[in-house]
Structure formats: structure tokens, C-alpha cells
Amino acid sequence: MDRDQIQAWVTAERLSLADFFDGLDEHEWQVESLCAGWTVHQVLAHVSLSSKVSLRETLVGVIKARGDWDRMTDKLARDRAARFTPAELIAQVRESAGSTHRAPGASPIDPLVDMMIHGQDVARPLGRVREVPIEQACAALEHVRNNIFYGSHKRLRGIRLVATDVEWAGGDGPEEIRGPISDLLLVATGRKAGLAALTGPGVDRVTAAM
């Protein structure tokens with residue numbers, strides 16, 4: 001896939017997400033997101049880091065977290081949320097929307113996955129609708145499905161995914177799950193919130209693997 005196209009998608013998604021955050025009410029910042037233990041404010045803090053964290057910061061963070069990547073990510077988000085207001089973080093996301101800087105080890109499309117997933121992580125608990133751009137969502141899901149970092153190779157082993165709102169399918173397992181592309185993307189990245197919209201003989205198996 002063309003890197004310039006991917007970067008254009010990343011830039012647009014960052015700006016769109018910044019606009020979404022800009023429309024939230026004051027009380028919504030402390031609502032729990034789909035990211036376990038994170039408020040909406042802390043998800044925004046994490047999103048603002050995607051184009052800023054350096055290799056040195058990552059290495060130091062991993063060492064302090066005793067090799068636990070999730071613990072490091074959690075601390076960075078919490079520290080940043082404590083340091084900056086939502087308005088300041090939104091401005092940072094906008095300012096760096098076109099940045100090509102990525103977290104160590106990330107591919108060009110990973111920031112797109114990050115923005116799309118975290119957009120749902122905050123929108124759904126708030127009862128807000130955040131539509132995903134279809135072409136980008138298909139590319140993101142294809143990447144997630146084939147990347148061991150996201151763990152989908154375990155939770156979706158033996159499962160064929162079929163989107164019901166766009167012509168897309170992936171996987172060659174004997175069992176099938178069907179649903180909107182956004183919900184398939186949520187499930188592929190380990191979000192149980194996407195399960196309710198899915199149908200098919202593979203749903204029980206995927207649910208048990210979550």
C-alpha cells in the first residue's frame with residue numbers, strides 16, 4: 001500500500017479525532033473508556049503521544065516498567081493526562097497531525113489503527129456515534145488480522161470474518177462471524193464491545209477467546 005496514502009489517512013483521522021474530542025462536554029472527560037482503567041481524558045493523552053514518544057523514552061519506560069509494555073503505556077498516558085488539560089492535548093494532536101514520527105517498532109499504518117480504535121474506545125461509552133471511513137477501516141482490519149502485536153491471531157484462530165456493510169472478508173477458518181467493519185475491528189483488537197453486533201457460528205468461539 002502506498003505510504004503517502006496511508007499518511008494522508010493518518011493525518012485526516014487525527015484531525016477528525018481532535019474535532020470529536022473538541023465537542024465533548026466537561027463531565028465526559030472522566031467517563032470510563034473501553035480501555036480498561038482509562039478515562040476519556042487519559043485516552044486523549046495516549047493519542048497525543050503517538051507522534052511524540054522517542055526511542056529513548058520508550059526504552060527508559062520499558063525498563064522502569066520491568067519489561068511490561070502495557071504498564072509503560074499506562075503510566076505514560078496517566079502522567080500526561082495529569083500534566084495537560086484536554087484543551088492542551090487536543091491542540092497537540094492537531095499540531096502534530098501530519099507527523100510521520102511513529103512509536104518504535106510501529107509500521108506506517110499502526111497510527112491509523114490507533115486513532116480509529118481509540119476513537120471508538122471513547123465514543124461508545126459516551127453514547128456518541130463516530131463513523132469509521134470504510135476504506136481505511138478495511139485496511140486497518142487487514143493489518144490487525146495479520147499482525148501478532150494485536151493478538152488477533154489467537155482470538156480469531158479458525159475464524160473467517162465477513163463485513164456486512166462493505167465488501168470485505170478475511171480469514172479462512174471453518175467458522176464465520178459477520179458484522180459491521182467497525183465492530184469486526186473492535187473485536188480483532190480485543191474489545192468486547194464489538195461482540196453485540198456480530199452474528200454467525202463463530203461468535204461463541206470468539207467470545208470465549210476474548
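1. Asp79 is partly exposed, with a relative accessible area of 39%, and its side chain meets that of Lys75 in a salt bridge of 2.6 Å, taken from N to O. Lys75, at 48% relative accessibility, likewise counts as partly exposed. Both residues belong to helix H4, which spans residues 69–83, and they sit four residues apart, about one turn of the helix. As the model is a predicted one, this distance, like the others in this note, should be read as a property of the model.

2. Which residue of helix H5 forms a salt bridge with Asp22 of helix H1? The partner is Arg94, with the closest N and O atoms 3.3 Å apart. The pair links distant parts of the chain, since Asp22 lies in helix H1 and Arg94 in helix H5 (residues 86–95), 72 residues apart. Asp22 is partly exposed, with a relative accessible area of 48%, and Arg94 is also partly exposed, with a value of 31%. The pair does not stand alone, for Asp19, Asp22 and Arg94 are linked in a network of salt bridges.

3. Are the two partners of the salt bridge between Arg130 and Glu13 buried or exposed? Arg130 counts as buried because its relative accessibility is 11%, under the 20% cut-off, and Glu13 is buried as well, with a relative accessible area of 7%. Their side chains meet at 3.0 Å, N to O. This salt bridge also joins distant parts of the chain: Arg130 is in the loop between H6 and helix H7 (134–145), whereas Glu13 is in helix H1 (residues 3–22), and the two are 117 residues apart. The structure as a whole holds eleven salt bridges, and the pairs described in this note are among them.

4. The chain is divided into domain 1, residues 3–126, and domain 2, residues 134–209. The C-alpha centres of the two domains lie 23 Å apart. In contact across the boundary are 15 residues of domain 1 and 17 residues of domain 2. The area buried between the domains is about 1300 Å², and carbon and sulfur atoms give 71% of that area. On the side of domain 1, the residues that lose the most area to domain 2 are Trp9, Ile117 and Arg124, which together account for 40% of what that side buries.

5. How many salt bridges does the rule find across the interface of domain 1 and domain 2? There are two, and the rule also finds five residue pairs in polar contact there, with both residues at pLDDT 80 or more. On the side of domain 1 that touches domain 2, helix H6 (residues 110–123) gives the most, with eight residues. By class, that side has nine nonpolar, three polar and three charged residues.

6. Arg124 deserves a separate remark. The side chain of Arg124 meets that of Asp183 in a salt bridge of 2.7 Å, N to O. By the stated bounds, Arg124 falls in domain 1 and Asp183 in domain 2. Arg124 is also one of the residues of domain 1 that lose the most area to domain 2, along with Trp9 and Ile117. A reader inspecting the interface can thus take up Arg124 under both headings, buried area and salt bridges.

Definitions and conventions. Residues are numbered from 1 along each chain as its sequence is written. This is a predicted model: local features need pLDDT of at least 70, side-chain atom pairs count only at pLDDT 80 or more; totals for chains, interfaces and linings use all residues. Side-chain values use heavy atoms; hydrogens and water are left out. Domain bounds come from an automatic or database domain assignment. Contact means heavy atoms within 4.5 Å. Buried area is the accessible area (1.4 Å probe) that two parts lose on being put together, summed over both. A salt bridge is a side-chain nitrogen of Lys or Arg within 4 Å of a carboxyl oxygen of Asp or Glu. A polar contact is a pair of N or O atoms within 3.5 Å; within protein, one must be able to donate a hydrogen and the other to accept it, and residues adjacent in sequence count only if both atoms are side-chain atoms. Ala, Val, Leu, Ile, Met, Phe, Trp, Tyr, Cys and Pro count as nonpolar, Asp, Glu, Lys and Arg as charged, and the others, Gly among them, as polar. Buried means under 20% relative accessible area, exposed over 50%, partly exposed in between (1.4 Å probe, protein chains only).
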